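Reader: I would like a close look at one part of this protein. Please set the scene for the whole chain, then walk me through that part residue by residue.

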Amino acid sequence: LAMGCLCVGLLLSSLPAAAAELGRETGYPVPRFVSIDRDEANLRSGPGRQYPILAVLQWRGMPVKIVDEYGRWRKVELHDGAGGWIHKVLLSGRRTFLVQAKSVALRTEPSDDAAVMARFQAGVIADLTRCLKDWCRVEYAGYDGWVPRAAGWGVLPGETIE
């Protein structure tokens, strides 16, 4: 029996830290990405309406990284490193990808050699449908193709989405 416990302990310790930690309110992994679900969302200094508003986010669909949970509040990190607390009703489980590169080619396949379908500029928020090691499949304005993972924000390091 002691050997069985040791094996389970070794297995859990070999998992990435992000995969082993679950949110205390939802049981979902922390950190994880979600998106803003409203045209305006207050980013607060703490988990409650009594805390001051740090910023009013006016970017529906913007990906944010949940790094903690407290009751109905989610502590988030933004693409620029800023952070704060947002009420859970202002968030959506919809995965999105914020293009941060000045310009990125949308390709037909996950390869630098694939045909270019379109070019996206910094600030485009696309729906994220799949991610491999170095490439993510996104949809935006009727286009559906692949961009380099490194060109934007919305996916954890090493995360794959099928």
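Author: Start with the contacts. Of those with a separation of 6 or more, 53% join residues 24 or more positions apart. Keep in mind that this is a predicted model. The protein has 2 helices and 14 strands. It counts 162 residues, and 38% of them are buried. The exposed area comes to about 9,200 Å². Carbon and sulfur atoms supply 54% of that area.

Now to the part itself: T96 and its surroundings. T96 is found in strand 8, which covers residues 96-99. Is T96 buried or exposed? Its relative accessible area is 1%. The cut-off for buried is under 20%, so T96 counts as buried.

Next, look at the side chain of T96. It reaches the backbone oxygen of G61, at 2.6 Å. G61 also appears among the residues that T96 touches, when neighbours up to four places away in sequence are not counted. M62 and P63 are on that list too. So are I125, A126, D127 and L128. S35, W153 and G154 complete it.

Follow W153 from there. T96 touches W153, and W153 leads to the aromatic rings. The structure holds 2 aromatic pairs. One of them joins F33 and W153: the ring centres are 4.9 Å apart and the planes stand at 80°, so this pair is edge-to-face. What does the pair tie together? F33 lies in strand 1 (residues 32-36) and W153 in strand 14 (residues 152-153), so the pair ties together parts that are 120 residues apart in sequence. Both partners are covered. F33 is buried, at a relative accessible area of 5%. W153 is buried as well, at 13%.

For reference, take the other rings. F120 and Y140 have ring centres 5.4 Å apart, with planes at 80°, so they too pair edge-to-face. This pair links distant parts of the chain. F120 sits in strand 10 (residues 116-121) and Y140 in strand 12 (residues 135-140), 20 residues apart. Here the burial is split. F120 counts as buried, with 4% relative accessibility. Y140 counts as partly exposed, with 34%.

Back to T96 to finish. This residue of strand 8 is buried at 1%. Its side chain reaches the backbone oxygen of G61. Among the residues it touches is W153, the edge-to-face partner of F33.

Notes: Residues are numbered from 1 along each chain as its sequence is written. This is a predicted model: local features need pLDDT of at least 70, side-chain atom pairs count only at pLDDT 80 or more; totals for chains, interfaces and linings use all residues. Side-chain values use heavy atoms; hydrogens and water are left out. Helices (H or I, at least four residues) and strands (E, at least two) are DSSP runs, numbered from the N terminus. Buried means under 20% relative accessible area, exposed over 50%, partly exposed in between (1.4 Å probe, protein chains only). A polar contact is a pair of N or O atoms within 3.5 Å; within protein, one must be able to donate a hydrogen and the other to accept it, and residues adjacent in sequence count only if both atoms are side-chain atoms. Contact means heavy atoms within 4.5 Å. Accessible areas come from the Shrake-Rupley method with a 1.4 Å probe; for residues, only the protein chains shown count as cover. Rings of Phe, Tyr and Trp (its six-membered ring) pair if their centres lie within 6.5 Å; planes under 30 degrees apart count as stacked, over 60 as edge-to-face and the rest as tilted.
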